[in-house]
Amino acid sequence: MIRLFVALALPEDVRRRMEGLQGGLPGARWQSAEQMHLTLRFIGEVDGAAFREIVDALADIEAEAFSLTLEGVGHFPPRGRVRILWAGVVPNPALTHLRERTEAAITGLGFEPDGRNYAPHVTLARLASRVPAHRLQDFVSYHGMFNSGPFPVRSFELFSSHLGAGGAHYAVEASYPLTSAN
């Protein structure tokens, strides 16, 4: 069995800038630069046959390359005990299109639809314990103006996830180029 998700890999300079946001919150488990990505679709555990079907189905996705900008920070859930700190994404129709095509490819193989509303983000940290509300508000206020600037998205990737020391380790299993706009 292999645990899979579809995501956008981020340029190294963008990941390093997001690492600069990290700190100042007790109990936060910060993501390393290598763990940062923008998930399009979590798939979960699959066997070898399903893995090959997913690889092939994703290869059939046609979408154009685009530019993307990360902007602002926030947390999930918006109320109650916060579990995730994230960097947000400027709304982008090309990203929405790619997400929809990815969802259609995965559900077309018989996987259950992702029932959640898609909220594109890059996870900065996971919070295992309750963080004082004023510390969380300070973090969001201080980093609220974060902006990566636009960066090109020329492909999307199928990642595997392996749990180990220091959290999850991700590996690119397949990469799918996006077409150039004419």
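## Salt bridges, sheet and core

R41, R99, E103, D114 and R116 are linked in a network of salt bridges. The model is predicted, and the structure holds seven salt bridges in total.

Within this network, E103 and R99 form a salt bridge whose closest N and O atoms are 3.5 Å apart. Both residues belong to helix α3, where they sit four residues apart, about one turn of the helix. Both E103 and R99 are buried.

D114 lies outside the helix, in the loop between α3 and β7 (121-127). Leaving aside residues up to four places away in sequence, D114 touches R41, R99 and E103. The side chain of D114 makes a polar contact with the side chain of R99 at 3.4 Å, and the D114 side chain also makes a polar contact with that of R116, at 3.2 Å. Is D114 buried, partly exposed or exposed? Its relative accessibility is 21%, and buried requires under 20%, so D114 counts as partly exposed. Along the chain, D114 and P132 are 18 residues apart, and their C-alpha atoms are separated by 32 Å.

A further pair of salt bridges involves R16. One joins R16 to E12, with the closest N and O atoms 3.6 Å apart. Because R16 and E12 are four residues apart in helix α1 (residues 12-19), about one helical turn separates them. The other joins R16 to E34, and here the closest N and O atoms are 3.6 Å apart. This pair links distant parts of the chain, since E34 is in the loop between β2 (28-30) and β3 while R16 is in helix α1, 18 residues away. As for accessibility, R16 is partly exposed at 37%, and E12 is partly exposed at 48%. E34 has a relative accessible area of 53%, and therefore counts as exposed.

The salt bridges with stated distances are listed below.

| Salt bridge | Closest N and O atoms |
|---|---|
| R16 and E12 | 3.6 Å |
| E34 and R16 | 3.6 Å |
| E103 and R99 | 3.5 Å |

Turning to the sheet, four strands form an open sheet in the order β3-β1-β9-β10, with antiparallel pairing. Its edge strands are β3 (37-46) and β10 (167-177), each of which pairs on one side only. On average, neighbouring strands of this sheet are turned by 25° against each other, direction ignored. Strands β1 (residues 2-9) and β9 (residues 155-164) run antiparallel and are joined by five bridges. Which residue of β9 is the bridge partner of R3? The partner of R3 is S161.

Helix α3 (residues 93-107), the helix that holds E103 and R99, lies across β1, β3 and β9. Relative to β3, helix α3 runs at about 5°.

The nonpolar interior can be described separately. The largest nonpolar core has 49 residues, and those with the most contacts inside it are L8, M18, L58, F156 and L158. Which helix supplies the largest share of this core? That share, five residues, comes from helix α2 (residues 48-59).

Conventions:
Residues are numbered from 1 along each chain as its sequence is written. This is a predicted model: local features need pLDDT of at least 70, side-chain atom pairs count only at pLDDT 80 or more; totals for chains, interfaces and linings use all residues. Side-chain values use heavy atoms; hydrogens and water are left out. Two strands pair if DSSP finds at least two bridges between them. Helices (H or I, at least four residues) and strands (E, at least two) are DSSP runs, numbered from the N terminus. Axes are lines fitted to C-alpha atoms, for helices over the stretch in contact, and angles run from 0 to 180 degrees between N-to-C directions. Contact means heavy atoms within 4.5 Å. Buried means under 20% relative accessible area, exposed over 50%, partly exposed in between (1.4 Å probe, protein chains only). A polar contact is a pair of N or O atoms within 3.5 Å; within protein, one must be able to donate a hydrogen and the other to accept it, and residues adjacent in sequence count only if both atoms are side-chain atoms. A nonpolar core is a set of buried Ala, Val, Leu, Ile, Met, Phe, Trp, Tyr and Cys residues joined through side-chain atoms within 4.5 Å. A salt bridge is a side-chain nitrogen of Lys or Arg within 4 Å of a carboxyl oxygen of Asp or Glu.
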